[in-house]
Amino acid sequence: MLSVRWALISMEESMKQWSTTDDTPKVRQRNIRSTGERKASTTLLKDKNCQTTGLVSKDDPRSSNGTCGRSAAGGRVGGDPAGVLLLMLVMGMSFSTRFYKISEPPHVCWDETHFGKMGSYYINRTFFFDVHPPLGKMLIGLAGYSTGYDGTFPFSKPGDKYEHHNYWGMRGFCAMMGSFLPVFCYLIVMELSLSHTAAFITATLLIFDTGCITISQYILLDPILMFFITAAVLSMVKFNQQMYRPFTAPWWLWLVLTGVNLAGALGVKFVGLFVILLVGLNTVWDLWRLFGDLSLSLGEITKHFLARVFGLILLPFLLYITIFAVHFVVLNKSGPGDGFFSSAFQSRLIGNNLHNASMPEYLAYGSTITVKNLRIAGGYLHSHWHLYPEGVGEKQQQVTAYLHKDYNNLWLVHNQDDTKSQSGTPNLVRHGDIIRLEHKETRRNLHSHLHEAPLTKKHFQVTGYGINGTGDANDLWQVEVCGGRKGDPVKVLRSKVRFRHRATGCMLFSSGKTLPKWGWEQVEVTCSPYLKETPSSQWNIEDHINPKLPNISLSVLKPHFLEILLESHIVMIRGNSGLKPKDNEINSKPWHWPINYQGLRFSGVNDTDYRIYLLGNPVVWWMNLACLGLYLVMVAVASIALQRGFLMGHKRREHCRVLRKDGGLLLLGWLLHYAPFYAMGRVLYYHHYFPAMLFNSMLTGITLDILLKSSDLLLHPPYCDWLQKVGQMVLLFIILYSFYLFHPLSYGMTGPLAHEPGNAMTGLKWMDTWEF
């Protein structure tokens, strides 16, 4: 410690004499010094800031490998009474703005109809399906249960009154998570920049942003997701600060907390992968620096590597798996999510007709079966007495896919040559067999021909044809067990089966498209000429009745944990990719978001409703957008000045370091949480931008702080100090006044609409696309 302290004092004295950067390679300098001088010289060299760019500056002592570092108290909020008071002020303002009018409006708002309902499902232990991982909904359900909510409110649609039901606990939990966002961002900027001003600007932008307030006050996943994202970034930054004393208790604490929060972010939504990528890039860069430090042995570098593998890979993975284990244990009753999963998956759910059921294990001729498509919401193969209407292929009996259990889902399995069940023990249906499927209720065969399908025009029509099981050659289908060989039997629940039409060679297919009223809005079934294996062309046998075969308990066919974990992820990923814009639905585009082009209506549409509109504070969002460009200009100017040797003194170099390294980290965080949405084909919404907005606001705090501190380039003291203080006060006033103008968006509007006289928002509809 004495040598480190001496080195720091010497560093400050030496920097006064440096006017240009020293380009002498560190490796050479280590080689020409004695072992006793190596640590001191390395400490001196490592504090020459701004020689490299990237996530972690090569010359930044705060991310060193353990050979040097700044004082432990440097930049810590806890070591400064004024900093503690400022942090308490930030916490007070954040919690008060989020909890104000938390119970208003007393009815379901926007996506509360989904996530509130899912919280109820956890309380009732009823299985459901969602495209997101379960942690956020589990926490919402736990918050409701612990505050007295009994899980009986239906959450049917937006606008439904809560009445006597206790909903404030779930809203309050989300508000609490959202209240920590300005606090965490304050701490992140404080650790990065060592500037109370930059941290306070960041916190002020977020505290008084109407969008952040609104999205934190309702039963939604977004505040929970952003809590874990910011907590992960804060833990990562804190971990970087501990690098000068590796493998100590604080070092391990922040490493483990980073991993825990990464698991939490991914456990709420898959976009948590973006913060995992951010932490991963930071870790790779830091390990690369460690590898280049010749004062560390390969054994020590290996210890660093393995510690990060444990804390940032294995631990998050185990926690993520644990989240799903709890999810499957809690949701053990049959519910609305059954139909999205395989028959084998459903057999583990209490109340499902497959739970503790028994049936023959292998498919045989003469059996009565139901056939389920393996795509999400693919449905059961179904038919009924209704015919296709005139002009829709041949006017024959409709064949559809139906999402619910029904008697019209039953089919009889026949050999191609007979029409009656065999006597004695029936033969098993095997891979490559040619069969005929007869609809049990109508006695018509599953049939296809070269007529066009109703909706999928490049596919062929599938119908029910024949009388009492008698039809023609177009009723024959070849059974193909996916991954099987000729002669392999078809296993109930477990085998994935395809049905190839013998006459045309097409595959029985569930398109997922909803038929019009004449088709009872059931799912279209076609025969696809495209032979690629997809879930839409794969089926499995679910119900199986054959009194001539011995039954086995389906409990022996229940999938194990890893199987249902894999299946749930496949279903979630397919569900996400299947979220396409509906007809006449406005699809928000990523370029809309930074400019605050259009918000979201949370509640109310007319002058008699209590109206809530999700829209970011325009002044805050446009300031963030402007600061993105300003930041790039400032970095370019600082880099040129540094290269030409114009930056003299520790203060200038510190500003350069913060801009290039710490600002670069935040810019990368913004890009990782924003740019991927341009490549997504799913439906997008305005609220998807809010995680990126957090990084943008932190970058704005650092950019404006350094801009104001650079006033001494134009003016001499004390005038530069006055200009800096005036700039800070003007900035604070602008943010507060804009919040005063737009706060009704978050806290509710009643009476005349914005374009009508007498409304508090009259004149504030600055863009025609705003719908308040």
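**Backbone exceptions and the packing of helix α7**

In this predicted model, proline 105 lies in the loop between α4 (81-99) and α5 (112-124), and the peptide bond that joins glutamate 104 to proline 105 is cis, with an omega of about -10°. A cis peptide bond also joins proline 717 and proline 718, where omega is about 5°; proline 718 is placed in the loop between α18 and α19 (719-742). Most peptide bonds are trans, and most residues other than glycine have a negative phi.

Positive phi values are found in the loops on either side of α7. Glutamate 163, in the loop between α6 (135-146) and α7, has a phi near 55°, and this residue counts as exposed because its relative accessibility is 65%, over the 50% cut-off. Leucine 194, which comes just after α7 in the loop between α7 and α8 (196-207), has a positive phi of about 60° although it is not a glycine; with a relative accessible area of 33%, leucine 194 is partly exposed.

Helix α7 itself comprises 26 residues (168-193), which at 1.5 Å a residue should span 38 Å, and the distance of 38 Å between its end C-alpha atoms agrees with this expectation. The helix is mostly covered, with 23 of its 26 residues buried. Helix α7 packs with α18 (residues 690-709) at an angle of about 45°, the axes being 10 Å apart, and α7 is therefore oblique to α18. The crossing is right-handed, and the contact is made by Cys185, Ile188, Val189 and Ser193 of α7 together with Leu694, Met698 and Ile702 of α18. By class, this contact of α7 with α18 has 6 nonpolar residues, 1 polar residue and no charged residues.

Note on methods:
Residues numbered from 1 in each chain as written. Predicted model: local features only at pLDDT ≥ 70, side-chain atom pairs only at ≥ 80, totals over all residues. Heavy atoms only, no water. Helix = DSSP H or I, 4+ residues; strand = E, 2+ residues; numbered from the N terminus. Expected span 1.5 Å × (residues − 1). Buried < 20%, exposed > 50% of the residue type's maximum accessible area, 1.4 Å probe, protein only. Axes fitted to C-alpha atoms, helices over the stretch in contact; angles between N-to-C directions. Parallel < 35°, antiparallel > 145°, perpendicular 65-115°, else oblique. Left-handed = near helix turned anticlockwise from the far one by under 90°. Contact = heavy atoms within 4.5 Å. Nonpolar A, V, L, I, M, F, W, Y, C, P; charged D, E, K, R; others polar.
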